[in-house]
Amino acid sequence: MTMVTQQASSNYYNLGILDSITDDSIEDILDSWTGFCNTTESLLKDKGDLSVGSEFISHVHILCENRLSSLVQDHFFKALEETFEKNGRSKFWHHFDDFRDVSISELNESHKDWVQQVLCKALEDICLEKQYQEKCLLILVHALQSYKEGISKGKYNSDAERVALFSRYRLMVSSVLMTTLPRHFPEILRFYFKERLEELSDMISGNSDDNDEFQAKDNMDIDERTKLSPEVSEMDIGETYNGRKISENNKLVKNIGKVVRDLRSLGFMSMAEDAYASAIFLLLKTKVNDLAGDDYRTSVLWSIKEWIWAVPLQFLYALLAYLGDSVSYDSPSSGLKSPLASHPTSYYPGIDIPSEGLVRWQLRLEYFAYETLQDLRIAKLFEIIVDYPDSSPAIDDLKKCLQYSGQHSKLVDSFISSLRYRLLTAGASTNDILHQYVSTIKALRIIDPTGVFLEAVGEPIRDYLKGRKDTMKCIVTMLTDGPGGNPNGPGNTGDSLLEELNRDEENQEDDVCDDDFNSDDRHAWMNAERWEPDPVEADPLKGSRNRRKFDILGMIVGVIGSKEQLVNEYRVMLAEKLLNKSDYDIDSEIRTLELLKIHFGESSMQKCEIMLNDLINSKRINTNIKASISDVSQKGSDLGETGVSLDLLDATIISSNFWPPVQDESINIPETVDQLLSDYAKRFYEIKTPRKLLWKKNLGTVKLELQFGDRAAQFTVTPVHAAIIMNFQDQTRWISKDLAAAIGVPVDVLNRRINFWISKGIIAESVGAESDNHMFDLVDAMVDSSRNGVNNASCEDLAADEEGETSVASLEEQLLQEMTVYEKYIMGMLTNFGSMSLDRIHNTLKMFCSADPVYDKSLQQLQSFLSGLLSEEKLELRDGMYYLKREYSYLSLRSYHCPHLKFNKVVQSTYLIGNIDETSGYGNDSFVLTHYLCLMP
Amino acid sequence: MHHFVFIYLSPYCRWHAVASWTWDAQDETCGICRMAFDGCCPECKLPGDDCPLIWGACNHAFHLHCILKWVNSQTPQAHCPMCRREWQYKG
């Protein structure tokens, strides 16, 4: 009784109403309450007896009349909950008890059917129970409704109450299940969906092989679907190829759909969605991995997309349609549309009007696919760039992925680390690094036209290359000679980088051409329209995109430091090449020079041009001189006693001021040739007065033929080699000392040079009476003629190349020569200051050597010079400080006793070295001082 | 015993030598432009025939272009920039 009154008061807060309750009515209420409880019991519990329905309704009516409807509802729900706990929940979870001990990793093929059966059975059972309870709930709803209709004469709108009650019931069901959820249940779901989806995808891919068989459409499910969602029937899914495939699989989809629907009705909506989403993503990931593989020559993005449309999207479409979700989304909101979604007709084969849910799914799937592919490609970017021109499809893919995901920085980090690990190591040749660098530039230019990321990636390569000695040489070779093609050949097989750059440039110029004809305003306007902001990753310190143009040559020059250095290196190489030419054919060099002029400007290539011009002039002069000879010889004046004519001699005449310093060693060449040279010089003087020739006798090339009895061997050698072998003409045995004197070179040079002939088997070496004097004999007959290539008429060896001897002083040698001037300064400085850091030496030199000779070297040049002094043991380096060595440091030690000399810093360190003998005879300060003063510069 | 023969007259044989040219002058540099004689005057790009030397009666040599400019700027009578003697081209 108290409970009833409390209930009533809490509902209405009208205590007056209690007065109107009579004893009779209390009696009625109690009777009906008992009846209501009993009928509820029999409705819900046990087997369920619907026959008590009418009795139940009348009890409800009476209780409602007494304003106890909420009590009725509460009690009914309590009873429902208890029943559900007993009949539904515990049975449902009991089904899955077997999986409790099986972890998800152990679930495999064999569990597939088992899981499916158990899950379906469990869902079926619990849904039956739930349906029955809903029926009972409906009876209650009817009872309440009919009572209220009685009061309000049929005007009462019942829907609100019904919806409220049913949602309360659903909440009850899901909370009961959720609170008792076993931990392994989500995993079981995931496994189930994974297996189902794989089955589906297998079916689709299997079907696609022979899709003619699927002309017969299976529309048995269309009707059912129409019931669930009227909009779906408007979608023409049966007509297209993809739609046909999925309708073929409808049974499977239906099964899955049923499971999803059951799960949803139990309140597992988000869990089910999670499960099938993760299954789809897993499947997608495997698919992407399969498709992408290690083949970079084909674009896989399109096939991945196709697969997404063909399998997961079709599945989702069917599933959503089955679940009737598409009804709830009336129109896809425009804000959701990605560029991909803006063309629904082309992007949804077989699905004319995509629902918003499907668009969402598509975007999610595609993003995931892009990201997966991008990660795959980024991990392999190094290999992709190695294969660059062939792998451009993969690079295009990556570009699109990155446009979508915007994770460029990931690319930069991963690529830099693989560069450091695989390219920038001592084992990689400079050429390889350079080629990879160029490929990287080209590839990243495609991926990121703004060049921001290239900047980041290029930096470690550039820094590394700067540390390599042969970088400059390799760059110049790469620029001018191409990747291993024969640069002198008429049909250039491998184009040089320069040619390629030029081609690119011409193409670009063609593109811009149209704009140039337009007015400036229009041009400016078009530029303005094309403007895009820099990516957020751009370093604001590095200037705007205008300065970051893709100038491959510029980036390569950036490695070297300055264009002047590159030009100098090229000049040295050109000189070497030209001096070793035995004809005057310089067409390819002229072409290269023209290309270089385009890029570096005419003035910086001036000297190279003069060098080429020298060759052209030499050819002309050579012809003129020959012509004048033939005039003379027609007059029959002289042909020389030797019978050797000037026809034998060609000359390259250089303007030495414009060439890099050439190696000028004097040698004695054979009398006859020497005679020819002076004849030639005389003619030159006659023709070109007042200019005269100075021969560089050690330079040039000699083609000669040696005849042994009936065999002849031909060689192309340097003049020194020719001089050596020609001395054997009259005397077949030489002692090295004599031969060196005859040729006019030091003995060690001779020994080195003669190795060429020894290796050819023409001269034999034997140790003479004195150990330092070798005997050289002409081999009587070339024994193994085939090995020595005697029969091979074109046995051409440029011995100079073999021994690494060059005609032109390398840049390093030039530098050394120039730096020697400063040696005295440096020694003097170190004597004064004791120890100095590299920077300080550099700055001091800059400060004091402003007059002739001006100090204009870089810090690196100074460092390499100082390291030369270190190896000559003139200096020593400790903790980044340079010291004088030997007696100089001894002076420093003694100065400890005369502190005014400010040598203190050095004292300790030299002392540690222990190269000073305190007891030696130098131990007086006056000696030290005089020496010190002598050393002052 | 076979002796080998170095064949001068074989068509294959050639001696390709290298030489540098120089002006047969006493000085190294032009007294006007201070550039090397073997180089060229500041106006020229190619040395040698394109930028020849010329000697005066006083035996001083200059780049032709340099001395021409000098002579044309000196009126009425030009003098050698080195020795101040009257400038006359050496015959």
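On the surface of this predicted model, a patch of negative charge brings together Asp23(A), Asp24(A), Glu27(A), Asp28(A) and Asp31(A). One of these residues, Asp31(A), has its place in helix H3 of chain A, which covers residues 23-44. An α-helix has 3.6 residues a turn, so residues three or four places apart point the same way. That general point is a handy one to keep in mind while looking at the helices described below.

A second helix of chain A, H5, takes in residues 69-95 and contains His95(A). With a relative accessibility of 23%, His95(A) counts as partly exposed. A reader tracing the chain onward from His95(A) will come to Lys121(A) 26 residues along, and the C-alpha atoms of the two are separated by 8.3 Å.

Further along chain A, helix H26 spans residues 563-579, a run of 17 residues. From its first C-alpha to its last, H26(A) reaches 24 Å, close to the 24 Å expected at 1.5 Å a residue. This helix is mostly covered, with 12 of its 17 residues buried. Among the buried residues are Leu566(A), Val567(A), Val572(A), Met573(A), Leu574(A), Ala575(A), Leu578(A) and Leu579(A). The buried set also includes residues with charged side chains, namely Glu569(A), Arg571(A) and Glu576(A), and it includes Tyr570(A) as well.

Helix H32 of chain A, at residues 747-759, offers another example of a span close to expectation. Its 13 residues reach 18 Å from the first C-alpha to the last, where 18 Å is expected at 1.5 Å a residue. The buried residues here are Val749(A), Leu750(A), Arg753(A), Ile754(A), Phe756(A) and Trp757(A). Just after H32(A) comes Gly761(A), with a positive phi of about 80°.

Attention now turns to charged pairs. Side chains of opposite charge can pair when their charged atoms come close. Over all chains, the structure holds 19 salt bridges. In one of them, Lys626(A) pairs with Asp650(A), and the closest N and O atoms are 2.9 Å apart. Lys626(A) lies in helix H28 (residues 606-635) and Asp650(A) in strand S1 (residues 649-654) of chain A, so the pair ties together parts that are 24 residues apart in sequence. How buried are the two partners? Lys626(A) has a relative accessible area of 15% and is buried, and Asp650(A) is also buried, with a relative accessible area of 7%.

Another salt bridge joins Asp24(B) and Lys692(A), whose closest N and O atoms are 3.1 Å apart. This pair crosses between chains: Asp24(B) sits in the loop between strand S2 (14-23) and strand S3 (53-55) of chain B, while Lys692(A) belongs to strand S2 (residues 691-708) of chain A. Asp24(B) is partly exposed at 30% relative accessibility, and Lys692(A) is partly exposed too, with a relative accessible area of 31%.

Glu872(A) and Lys874(A) form a further salt bridge through their side chains, at 3.1 Å from N to O. Glu872(A) is partly exposed, with a relative accessible area of 47%, and Lys874(A) is likewise partly exposed at 26% relative accessibility. Elsewhere in chain A, Glu594(A), Lys597(A) and Glu609(A) are joined into one network by salt bridges that share partners.

In sequence, Glu873(A) falls between the partners Glu872(A) and Lys874(A). The phi of Glu873(A) is near 65°, a positive value in a residue other than glycine. This residue lies in the loop between helix H37 (859-871) and strand S8 (875-878) of chain A. With a relative accessible area of 41%, Glu873(A) is partly exposed.

Chain B can be read along its sequence as the pattern β-β-β-β-α, made up of 4 strands and 1 helix. Of the 91 residues in this chain, 43% are buried. Chain B also has a residue with a positive phi that is not a glycine: Asn59(B), at about 75°. Where does Asn59(B) lie? Its place is the loop between S3 and strand S4 (61-63) of chain B. Asn59(B) is partly exposed, with a relative accessible area of 40%.

Note on methods. Residues numbered from 1 in each chain as written. Chains lettered and ligands numbered in written order. Predicted model: local features only at pLDDT ≥ 70, side-chain atom pairs only at ≥ 80, totals over all residues. Heavy atoms only, no water. Patch = residues over 30% accessible without salt bridge, like charges linked within 9 Å, V, L, I, M, F, W, Y side chains within 5 Å. Areas by Shrake-Rupley, 256 points an atom, 1.4 Å probe, with all protein chains shown as cover. Salt bridge = Lys/Arg side-chain N within 4 Å of Asp/Glu carboxyl O. Charge placed at Lys NZ, Arg CZ, Asp CG, Glu CD. Helix = DSSP H or I, 4+ residues; strand = E, 2+ residues; numbered from the N terminus. Expected span 1.5 Å × (residues − 1). Buried < 20%, exposed > 50% of the residue type's maximum accessible area, 1.4 Å probe, protein only.
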